[in-house]
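Student: I should like to learn how to read the features of a structure one at a time. May we take a sheet, a helix, some backbone angles and the packing in turn?

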Amino acid sequence: MILLAFVSNANARMRARLVGPVRMACLVFSLLMLVLTTGMFFRYFGDVTWMDIGFNEYEFEHKYTWVESLGINWAVGLDALSFPMVWLTTFLLPVTIIATWNEKHGATYFPLLLMMGGALIGVFVSLDLFMFYVFWELTLIPMFFLILKWGGKDRKYASQKFFIYTFTASVVMLLGLITLYFLQDPYSLASSGTMTGRSFSIPELIDNARANNIGDNWYLGAQMQKILFVMLMIGFLVKLPAVPFHTWLPDAHVQAPTGGSMLLAGVMLKMGAYGMFRLPISLFPHALYHFQLALMIIGMVSLVWGAIVCLGQTNLKKMVAYSSVSHMGVILIGIATMQPMGWAAALFMMFAHGIISPMLFAVCGAFKHHYHSMEIGAMRGMAKHSPWLATSMMFAWMASLGLPLLAGFVAEIMMLIALWKMISLDGWSIWWMVGPALVLALTAAYYLWSMQRTIFEGGEDTQPPASMKGHAIPDISNSEKFAMLILALFTIIFGVLPWIALDMMDDWTIQAFEGLIIPLLKGGA
Amino acid sequence: MSTVQNVEPFGDGFIAALCPELIIFAGLLALIIIPNIGKGTFRIPGTQTRVMWLFGGERFKITSNPKMPAWIATITLGAAFVQTVLSFQDGVDRTAIVTENGTQLLLVNGFSRVFEMIFFGALTLAAFASMNRLEVKGIGPRLSTDDLYNNRRQADFYILMLTCGLGMSVVALAQDLFVLFIGLELASFSTYVLVAFYKESKVGTEAGMKYFIVGSVASGVGLYGLSMLYLWAGSLQFDVLAAQFVINGTDPLPLIGIGFVLVGFGFKVSAAPFHFAAPDAYAGASSPVAGILATASKAMGIIGLIRMLLIVASPEASEDGTVWLTLLGIISLVTMTWGNIAALGSTNPKRMLAYSSVAHAGYMLAAITAIGAWNWDDSLAGEPGEAAVAVLTAVIFHLVVLVAFKLGAFLVLSVLESDGDASRLSSLGGLAKREPFLAVAMFVFMISLAGVPPLAGFVSKLLVIMGIVKVAIGQMGAEIMAGGDYGLADVHWVWWLALAMVINSAISVFYYLRVVVVMFFEEPEEGRTGPLPSGWQVRFAILACLMVTLFMGVASDQLLEICEVAAKSLNYSWN
């Protein structure tokens, strides 16, 4: 499948002379990929029931030797953790392409999006640390160019900040990975390199870790486990982003073109959460317990701080970006609850936010595209002038603030329940509920307030913003309408029938819990 | 352990062993002779008969072609390069060139071959690309004297290139400190002149002068150290020195001597604090020459360091042989940090590349420190030799691929230089619009220098970091499995060098990206909007560099094997 993604973008680049055909080719390829992944879900391709895949077991596994001397393999596979993310990527690609169909872009814009998609899928499917890291970094390059080439006014600053922040974090992660690599017992794993005697294989490492993480026995020893956990987490927390490291996100989002933001918020942020589940949590559950409080605090701070900052924003896109920070806090809290429910909430949040946030950014993009401004006060009485945009904006905003029956709600309510369970079962202070409760109110406040100022206020007598230069106010185009409709449709589907995706995530978390956490609690090897 | 095959000069097997060097030598002769072939005649004394002897007089059209020397040099160096690469195909044999009484002078093995590969590869590309750099003022007999002189320069330039290659390969082969020094000086003097050769720009001469003065001071200090070592050991053979070092390596005399020798090599690899001449020299020299300084010349210095530190003063040799270890660690830390921070502030792309090359020197010094650290500490003793080979493989791999992306970057600047000027960051402005191929190539070189996957620069940096971490961790993995609990305090301190490398790589992204931003998103400078000067040779060389950079990032297995062979053949007790 990655091959498909790469072949497609190679093809597209070859034909990069003409915008039109390229655009079409990109759309067709991305649709093909979507059909493929959806087919995989409905068991047309490969007979896989996504429900009962055990922890650390993978479907569609393929493995080729890449660099034998170092134990590097080209290993791909899917499980219930990565499959929803892969589907999400393939789903968002065509939607993004459709949503930005009519914006003025050069011939390389859509191929870059596809390349981005290919790298993202690569991150999600790779079962080899080396490959994982390569794809992880590879996502930076198309994004860097997307922001740099089609971004807003301060795009140079934003793209460099984005690149440097995430690159710095991921080289720290890289050093952690290499240290982990050499801490293995030489030649203990099946796919060890001939020269170094160590392996980069993720499944084998996890198996090895599980065999050693029993009771009070820490894999690699307590101190090392903590150090490595922190080093890996730095990479993932910056990507997520959690609060002390979040400042690249608003800049990158505000300056990025719509398509870039949609993919950035929709999938790229999830790389951080996905990475956490795949590596530090799977490898170092002891350290996870050790740093539970720290993660909880970071999560809470992200949640509350993101929401508070949202209140003060006058820039629509910046507000949406900070709301992403806030929502990523939910994921972190979900992980830190150390409840299967909380983990499932985190997974579903990744998924739901992956559908909702692109819609938020699509609305922002349409706003910018048609009104040439991002200021919240610039355009008033949108309901009158552009009913379609107003409706989709309202829908997206509502979905994001967690309206019942929409996808975001499911994740949030699950997180709250998990938090309650944690408080009642593990004896945490009840004050931990204050943060989420506060944020529920804050989120409603900033979303409703911004809606009031853009959609409803004013009316007949509002003037179009000065940036329109007296042109008539258009509504959104058909392709934008279509993209919005699709996104809204899926928000509803996953809100009403969350089990479609939730079941497999639930399954995975329970299996993971049994595989990882229970052995710790039982004690005694 | 294979045995050494001893060959006396001009004895059996001499030609086979020194084939690349002999090719260069033949090229050198050809370069001197061919431009002088003309319609000259020779009068047999005492008669009136004149015999054509083809020397001097009015030159033939083809021999006076100013492009001729460039082609000869490129073909010669290319042939030498191919010869070295081919020698890997059927296993490198160990052949020593000995004097009559059996003293080893030169040793041909995997280690020296791979470095020759680096030298000849870099020089071939530089020579080929230089064809577009030295201005040709017409061909044929009807030229003014000035123009003739100008054309004559062509031959001089390429003769210097060849002597440079010859000197470097002697350094790679040398088994004797004195022979090594001769090679080093031959190469150094050629580079001094090559730097000053860029007469079109005022800074060229100044740079050459500076480089020469600092370089000769460094050589002088090195020579002084050499004399001290000779005084102490009575010989400059590496094996004799190493044997002596085991016995009384803690004497002050050899330590001071080695320290002085290292100053000489430190200058070549532009390690802090001997790097001050480097930015000036790089900025003043024409770009292909600067590229040679940053790749081949640096590899030459690294050879010196490796030979001195790992063979002569190897830490296993004596208990306190690790005196230099801490010092080298500190120097590497200072070098990489200084280089990167200075590069942040430089607005001249060539200076920036010079400082980045200082930073890369720091990375390689860190790797050498790690090799030194591998087995002196009993608690961390690893598989003997294995870690050292891993790190050394990484260093050699780094030096090989560095030729591709560092020289490539300089060659792109070279094109801009022929357009007028490449001494400001803004001269790269709008390169993406003026010539997309060059911009894309430069982009790839830059992010490869920064170490972004999946490019060659990433692989090499990864290997170096991996080697250092491996040394630092040693057997800890097995001990942890046996129930030990270790923290960072138990890891050998070279691990922190790896961390420093990683942080430095992150810093370096700043200035590499800045170049990219300027290329793609800034308008060209005033009056520099037109297409760039043509010249397919330099573009071909850039394309070659680009291919290697991309290819080695994903399929480095073969080259790694070669480098491993080379690393293993440095010290046969490692196997």
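Student: Which residues of β4(B) are buried on one side, and which on the other?

Tutor: Please note at the outset that this is a predicted model. For a strand, one reads each face separately, taking a residue as buried when its relative accessible area is under 20%. In β4(B), Thr95(B) and Ile97(B) are buried on one side, and Ala96(B) and Val98(B) are buried on the other, so that both faces are covered.

Student: In what order do the strands of the sheet in chain B run?

Tutor: The sheet is open and consists of 3 strands in the order β1-β4-β5 of chain B, with mixed pairing. Its edge strands are β1 (5-7) and β5 (104-108) of chain B, each of which pairs on one side only. From one strand to the next, the twist averages 30°.

Student: In which sense, parallel or antiparallel, does β4(B) pair with β5(B), and in which with β1(B)?

Tutor: The two pairings can be read in turn. With β1(B), strand β4 (residues 95-98) of chain B pairs in the parallel sense over 3 bridges; here Val7(B) has Ile97(B) as its bridge partner in β4(B). With β5(B), β4(B) pairs in the antiparallel sense over 4 bridges, and Ala96(B) stands opposite Leu107(B) in β5(B). The hairpin of β4(B) and β5(B) has 5 residues between the strands, and in it Gly102(B) takes a positive phi near 90°.

Student: What should I look for along a helix, for example where does α15(A) bend?

Tutor: A general idea helps to begin with: an α-helix has 3.6 residues a turn, so residues three or four places apart point the same way. One then compares the end-to-end reach with the expected span. Helix α15 (residues 340-371) of chain A has 32 residues and reaches 45 Å from its first C-alpha to its last, close to the 46 Å expected at 1.5 Å a residue. Nevertheless, α15(A) bends by about 30° at His353(A). Just after α15(A), His372(A) takes a positive phi of about 55°.

Student: Why is α15(A) described as largely enclosed by the rest of the structure?

Tutor: The description rests on burial: 28 of the 32 residues of α15(A) are buried, so the helix is largely enclosed by the rest of the structure.

Student: Which residue other than glycine has a positive phi near 60°, and where is the cis peptide bond that involves Pro241(A)?

Tutor: Most residues other than glycine have a negative phi, and most peptide bonds are trans. Met338(A) has a positive phi near 60°. Met338(A) is found in the loop between α14 (316-336) and α15 of chain A, and is buried, with a relative accessible area of 3%. In chain B, Ser270(B) has a positive phi of about 50° although it is not a glycine. Ser270(B) lies in the loop between α9 (252-268) and α10 (277-284) of chain B, and counts as buried at 3% relative accessibility. As for the cis bond, it runs from Leu240(A) to Pro241(A), with omega near -15°. Pro241(A) lies in the loop between α9 (222-239) and α10 (248-255) of chain A.

Student: How many residues are in the largest nonpolar core, and which of them touch the most other members?

Tutor: In soluble globular proteins, nonpolar side chains tend to be buried together. Here the largest nonpolar core holds 411 residues, of which Trp343(A), Trp397(A) and Phe115(B) touch the most other members. Helix α14 (residues 386-418) of chain B gives the most to this core, with 23 residues. Beyond its neighbours up to four places away in sequence, Phe115(B) touches Ala172(B), Ala299(B), Ile303(B), Ile396(B) and Leu399(B).

Student: Polar residues deserve the same reading. Is Thr491(A) buried or exposed, and what is Ser170(A) in contact with?

Tutor: Thr491(A), found in helix α20 (residues 478-496) of chain A, counts as buried at 1% relative accessibility. Leaving aside neighbours within four places in sequence, Thr491(A) is in contact with residues including Ile355(A), Ile356(A) and Phe395(A). The C-alpha atoms of Thr491(A) and Met359(A), 132 residues apart along the chain, are separated by 9.5 Å. Ser170(A) is found in helix α7 (residues 155-183) of chain A and is buried, with a relative accessible area of 1%. Not counting residues up to four places away in sequence, Ser170(A) touches Tyr133(A), Trp136(A) and Glu137(A).

Methods
Residues are numbered from 1 along each chain as its sequence is written. Chains are lettered from A and ligands numbered from 1 in the order in which they are written. This is a predicted model: local features need pLDDT of at least 70, side-chain atom pairs count only at pLDDT 80 or more; totals for chains, interfaces and linings use all residues. Side-chain values use heavy atoms; hydrogens and water are left out. A nonpolar core is a set of buried Ala, Val, Leu, Ile, Met, Phe, Trp, Tyr and Cys residues joined through side-chain atoms within 4.5 Å. Buried means under 20% relative accessible area, exposed over 50%, partly exposed in between (1.4 Å probe, protein chains only). Helices (H or I, at least four residues) and strands (E, at least two) are DSSP runs, numbered from the N terminus. Contact means heavy atoms within 4.5 Å. Two strands pair if DSSP finds at least two bridges between them. Axes are lines fitted to C-alpha atoms, for helices over the stretch in contact, and angles run from 0 to 180 degrees between N-to-C directions. The expected span of a helix is 1.5 Å times one less than its number of residues. The bend at a residue is the angle between axes fitted to the seven residues ending there and the seven starting there.
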